[in-house]
Amino acid sequence: MSPDFRQKVLMPLMRGVDLAALSLSFLASFAISSGSFTWPDFAYVLAMRIKLVNLVLFVAYLGLCSAIFSACGLYRSHRLSHWMQRLNETLLAKTLI
């Protein structure tokens with residue numbers, strides 16, 4: 001696999017999958033904490049009022065998570081690294097988030 005393909009396609013794809021997983025876990029925690037175990041219908045979802053501040057905070061949280069993932073080295077090459085180093089990087093990122 002060429003380094004150019006990895007840098008231009010795989011790295012943004014990995015970042016997108018990580019942020020999608022964070023968004024899904026955030027949505028799941030929101031659904032659990034709401035106390036309602038019924039899924040709202042589509043008309044109710046469209047009628048909900050969402051404050052702009054909440055949307056900005058959520059996007060800022062995703063940006064912070066992406067920066068923490070990058071700072072912890074999750075998007076570096078780990079071809080010759082030991083599995084314990086990879087585990088330490090992952091646990092550090094999870095702890096910081």
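Which helix gives the most to the lining of the second largest pocket? That was my opening question for this notebook, and I kept in mind that I was looking at a predicted model.

**Entry 1: the pocket lining**

I looked up the helices first and found that α4 gives the most to this lining, with 4 residues. I then noted that α1 (3-33) and α4 (83-96) each supply at least two residues of the lining.

Next I went through the residues by name. Met14, Asp18 and Leu22 are among those that line the second largest pocket. Further along the chain I met Phe69, Leu74 and Tyr75, also in the lining. Arg86, Thr90, Ala93, Lys94 and Ile97 belong to the lining as well.

**Entry 2: its volume and make-up**

I checked the space inside and wrote down about 220 Å³ for the second largest pocket. I also sorted the lining by class, which gave 7 nonpolar, 1 polar and 3 charged residues.

**Entry 3: a salt bridge**

How many salt bridges does the structure hold? I found 1. Arg76 forms a salt bridge with Glu89, and their closest N and O atoms are 2.8 Å apart. The pair links distant parts of the chain, 13 residues apart. I placed Arg76 in the loop between α3 (52-71) and α4, and Glu89 in helix α4.

**Entry 4: buried or exposed?**

Last, I looked at each partner's accessibility. Arg76 has 48% relative accessibility, so I logged Arg76 as partly exposed. Glu89 has 7% relative accessibility, so Glu89 went down as buried, the cut-off for buried being under 20%.

Key:
Residues are numbered from 1 along each chain as its sequence is written. This is a predicted model: local features need pLDDT of at least 70, side-chain atom pairs count only at pLDDT 80 or more; totals for chains, interfaces and linings use all residues. Side-chain values use heavy atoms; hydrogens and water are left out. On a 1 Å grid over the protein atoms alone, a cavity is a set of points where a 1.4 Å probe fits but cannot get out, and a pocket is an open set with protein on both sides within 12 Å along at least five of seven lines; lining residues have an atom within 4 Å of a point. Grid points are joined across faces, edges and corners, and a volume is the space filled by probe spheres set on the points. Ala, Val, Leu, Ile, Met, Phe, Trp, Tyr, Cys and Pro count as nonpolar, Asp, Glu, Lys and Arg as charged, and the others, Gly among them, as polar. A salt bridge is a side-chain nitrogen of Lys or Arg within 4 Å of a carboxyl oxygen of Asp or Glu. Buried means under 20% relative accessible area, exposed over 50%, partly exposed in between (1.4 Å probe, protein chains only).
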